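User: I have a structure open and would like to go through it piece by piece. Can you help me read it?

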Amino acid sequence: MKSKVLNAIALLMVFGILAISCSGGVQKDQKPIDVQELTKNQPEVHGTEVKDGEITFASPLNAEWVKSGQNTYDLKCLACHKLTEEKLVGPGWAGVTKKRNPTWILNMITNVDMMLDTDPEAQKLLEQCLVRMPNQNISKEEARQVIEFMRKNDGEM
Amino acid sequence: MFLNILKLSKFIAFVLGITFIIYGCKPKGIQSSVGGDAVKAYVPPGKYDEFYNFVSGGFSGQMSVYGLPSGRLFRVIPVFSVDPEKGYGYSEETKPMLNTSHGSVPWDDLHHIALSQTDGVHDGRWAFGNANNTPRIARIDLKTFRTIEIIEIPNSAGNHSSPFITENSEYVVAGTRFSVPIGDKLDVPISSYKENFKGTLSFIGLDKQTGKMNISFQILLPGVNFDLARAGKGKSHGWFFFSCYNSERANTLLEVNASQKDKDFILCVNWKKAEEYLKAGKGNKKSVKYAHNSYDEQKHMANSVIENEVIVLDPKDCPDMVYFMPCPKSPHGCDTDPTGEYIVGSGKLAAMIPVFSFTKIQAAIASKNYEGDYEGIPVLKYDAVLHGEVKKPGLGPLHTEFDGNGNAYTSFFVSSEIVKWRISDLQVLDRVPTYYSIGHLCIPGGPTKKPWGKYVIAYNKITKDRYLPTGPELTQSAQLYSIDGEKMKLLLDFPTIGEPHYAEAIPAELISKNSVKIYKLEENKNPYASLGEKTAKVERKGNEVHVYMTSIRSHFVPDNIEGVKLGDVVYFHVTNLEQDWDVPHGFAVKGANNAELLIMPGETQTLLWKPERIGVFPMYCTDFCSALHQEMQGYIRVSSAGSNLPISFSTGKKDPEPTKSL
Ligand SMILES: [Cu+2]
């Protein structure tokens, strides 16, 4: 049974190569289009990696940011994160700005696939929660505001 | 194990042998040439196809989307038939889509596809489909692959020559197959067909920006049966061609009685002229009743409006607007070539293909070269408008498409084959068998000014001996042939849903780059949306209970509901809070006399539930969403009609414990 599958794969691989080597005679002079690449280029709010030093904190808190941060939280985060230490789908937020550096939090919000693929701390959390944190299409600016709201939640003024 | 390895190594040697033979690009013998051709249809796992193929689902009422060249099925788009899988026609938001002047009609027969065009080429914006039975035309948004508009066609029956489209998507048309009595005199003897039955063609205008449809005008015609149609293009832009049969105007046993005459007609419509008459006020307002349904993609909600007027142009008042052109024996296809000069007729019962010349049609009209009139409409002289006939091409020509290199490809129903011929000198160049009884065929971009050529796809009616049997009914099928060489070559058979009637194909890049991945929560304008768990709630309004519910991996809010009573009507308005591609959530309730909901990220949909017994009813998510998908569930309690239990709801309510404050 297994060998049949292998055979089929081998056959397909060989034909794959043949398709390339033998198509020259009949193809029209069309540039092959990489549709795969095209869909990747769609505008989707996936952040690029944020590096240390890109965010700075100031006191007192920016009240406007706290407010819009809370709005974003209510719409897109509250379903999984409580403001206490209690874990729901994801970890509770109490103390998060003390425990993690802001770059880490920002990347976790805007760049979650990268974090789950590469960051050991993020991977530890996945093992605990067993649900990959979804990309909620939050922009870098919105994420920064959410962090301001988290600071408020952690008692900063 | 040892044996396996032995077998495998033998096999590899064999493959290497074939490799060596084919590597030289000189296929010798059947075995190697078949292998070499089939590989052109092979798309490796994880790789995308080159074309989308939009295929009508015939009596399934749906449209299906396949990848080419792989033949992989990507999606079934519900259009004219309810689809419990997706809740289409079952959710409160989508029910109005199937409304008609006859009330809800939950099924139809979708025959043809037309893709929107700009400057005579596909632009990837919309797909259109026709409902044959209860005449309707649907528009599908290719950003979301959703049916977003359906318009019913009044004064029509058997909407078959439809929804063909003009080169800038000015109009899609709806020609009636069955002529019927229209107007005030409806209750007439069927035997009075010749006096009382009329045919109509409807021109549905499209808004340039939004695509919104509206019946601009109808043309009143003698009671023939309209079959298919094509818009002119290039030099013939401004004209539309409709094939018709039953010029005998028989009303019984048409297989004999509609085949009496040697020639039927292709009707040529000068629609620019019709527009002038319309402007000049030559149209008559007729009172009718038809439904016009549209789906608002921000409200995620359909609305149905009954319209009650249509403007009808009568050729009696509008000279030079329509002409009949004789065409041998029950013409089916009437297809215009990419230059717009040639109109290819095909008589289902004819053994040749007549090709008409647009230049000659214009000359014949200018010199009034008529052979008479049919019910007051001029009939052009056959010889005066004929470019020539393709002699003895096969039996039962149906439909012709073009490769953009001066060649035409015609399907032959009776002799089950595709025949390639040259338009200029009408010489037959090649033929391949199909398995079996091909109806329409499709070339990517074939009906446009610039076909992509490369493949021709046959849509077949009968598949016996091609697939494993599945009882008395076998799958219907399509076959893919390459046409980029001298000879057509069969690459692939693939099964299809319903009856694959007609199809169009379009390069993937034109569509995939615009594909919507999620509905943005910020743009959700559904009046019943819960934007965020904080806004989820349950409200009683008389005997209506409205549940404003949210779903996200892996819970609903609320997931415990009490206080519903027998006799209540419960509306579950579920908003999917996900903002991630490909994470729909489902919603189903035990005993609901309805379907499920399947709610896309950021979307709101509503399920109506009338509980008919007392108890506690589970509800759950049907679309596997995460490792905790099985935990995504809840309960709703139904009490007796006289119960005083107030409405209450919760999620995650535990036994009382001191709550930590912020
Ligand atoms: Cu789910």
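Analyst: Start with a term: helices (H or I, at least four residues) and strands (E, at least two) are DSSP runs, numbered from the N terminus. Keep in mind that this is a predicted model.

User: OK. Where is A:Pro60 found, then?

Analyst: A:Pro60 is in the loop between α2 (35–40) and α3 (63–77) of chain A. The peptide bond leading from A:Ser59 to A:Pro60 is cis, and its omega is near -5°.

User: Which other peptide bond is cis, one with omega about -5°?

Analyst: The bond that joins B:Val557 and B:Pro558 is cis, with omega about -5°. B:Pro558 sits in the loop between β38 (555–557) and β39 (560–565) of chain B. As background, most peptide bonds are trans.

User: Back to chain A. How many helices and strands does chain A have?

Analyst: Chain A has eight helices and zero strands. Read from the N terminus on, the elements of chain A are α-α-α-α-α-α-α-α.

User: And what share of chain A is buried?

Analyst: Of its 157 residues, 43% count as buried. The exposed surface of chain A is about 9000 Å², and carbon and sulfur atoms supply 59% of that. For contacts in chain A between residues at least 6 apart in sequence, 68% join residues at least 24 apart.

User: How many disulfides does the structure hold?

Analyst: Zero, over all chains. Take A:Cys77 as an example: the closest cysteine sulfur belongs to A:Cys80 and is 8.7 Å away, so the two are too far apart for a bond. To count as a disulfide, the two sulfur atoms would have to be within 2.5 Å.

User: Is A:Cys77 buried or exposed?

Analyst: A:Cys77 is buried, with a relative accessible area of 9%. Buried means under 20% here.

User: New topic, the metal. What coordinates the copper ion?

Analyst: Four residues of chain B do: B:His585 through ND1, B:Cys621 and B:Cys625 through SG, and B:Met632 through SD, at 2.2 to 2.7 Å. Along the chain, the donors of the copper ion follow the spacing H-x35-C-x3-C-x6-M.

User: What do B:His585 and B:Cys621 tie together?

Analyst: B:His585 lies in strand β41 (residues 585–589) of chain B, while B:Cys621 is in the loop between β44 (615–620) and β45 (633–639) of chain B, so the pair ties together parts that are 36 residues apart in sequence. B:His585 counts as buried at 0% relative accessibility, and B:Cys621 is buried at 1%.

User: Why does the site of the copper ion count as irregular?

Analyst: The angles among its four donor atoms are 91 to 137°. Four donors count as tetrahedral if all angles lie between 85 and 135 degrees, so an angle of 137° falls outside that range. Square planar would need opposite donors over 155 degrees apart, so the site does not fit that either and is called irregular.

User: Now the inside. How many residues are in the largest nonpolar core?

Analyst: The largest nonpolar core has 30 residues, and B:Phe203, B:Phe240, B:Phe242, B:Leu267 and B:Val269 have the most contacts inside it. Strand β15 (residues 225–231) of chain B gives the most to this core, with four residues. A second, separate core has 27 residues, including B:Ile113, B:Ala131, B:Ile140 and B:Leu510.

User: Why would nonpolar side chains be together?

Analyst: In soluble globular proteins, nonpolar side chains tend to be buried together.

User: Where is B:Val269, and what does B:Val269 touch?

Analyst: B:Val269 is in strand β17 (residues 263–270) of chain B, and it is buried, with a relative accessible area of 0%. Leaving out residues up to four places away in sequence, B:Val269 touches B:Leu201, B:Phe203, B:Ile219, B:Gly238, B:Trp239, B:Phe240, B:Phe242, B:Met321 and B:Val322. B:Val269 and B:Leu201 are 68 residues apart in sequence, and their C-alpha atoms are 9.9 Å apart in space.

User: Last one. Which residues have a positive phi without being glycine?

Analyst: Among them are B:Asn155, with phi of about 55°, and B:Asp465, with phi near 75°. B:Asn155 is in the loop between β9 (146–152) and β10 (159–161) of chain B, and B:Asp465 is in the loop between β32 (455–460) and β33 (476–482) of chain B.

User: Are those two buried or exposed?

Analyst: B:Asn155 counts as buried at 16% relative accessibility, whereas B:Asp465 is exposed at 60%.

Methods. Residues numbered from 1 in each chain as written. Chains lettered and ligands numbered in written order. Predicted model: local features only at pLDDT ≥ 70, side-chain atom pairs only at ≥ 80, totals over all residues. Heavy atoms only, no water. Donors = N, O, S within 2.8 Å, 3.2 Å for Na, K, Ca; no water. Tetrahedral: all angles 85-135°; square planar, octahedral: opposite > 155°, others 65-115°. Buried < 20%, exposed > 50% of the residue type's maximum accessible area, 1.4 Å probe, protein only. Core = buried A, V, L, I, M, F, W, Y, C linked by side-chain atoms within 4.5 Å. Contact = heavy atoms within 4.5 Å. Areas by Shrake-Rupley, 256 points an atom, 1.4 Å probe, with all protein chains shown as cover.
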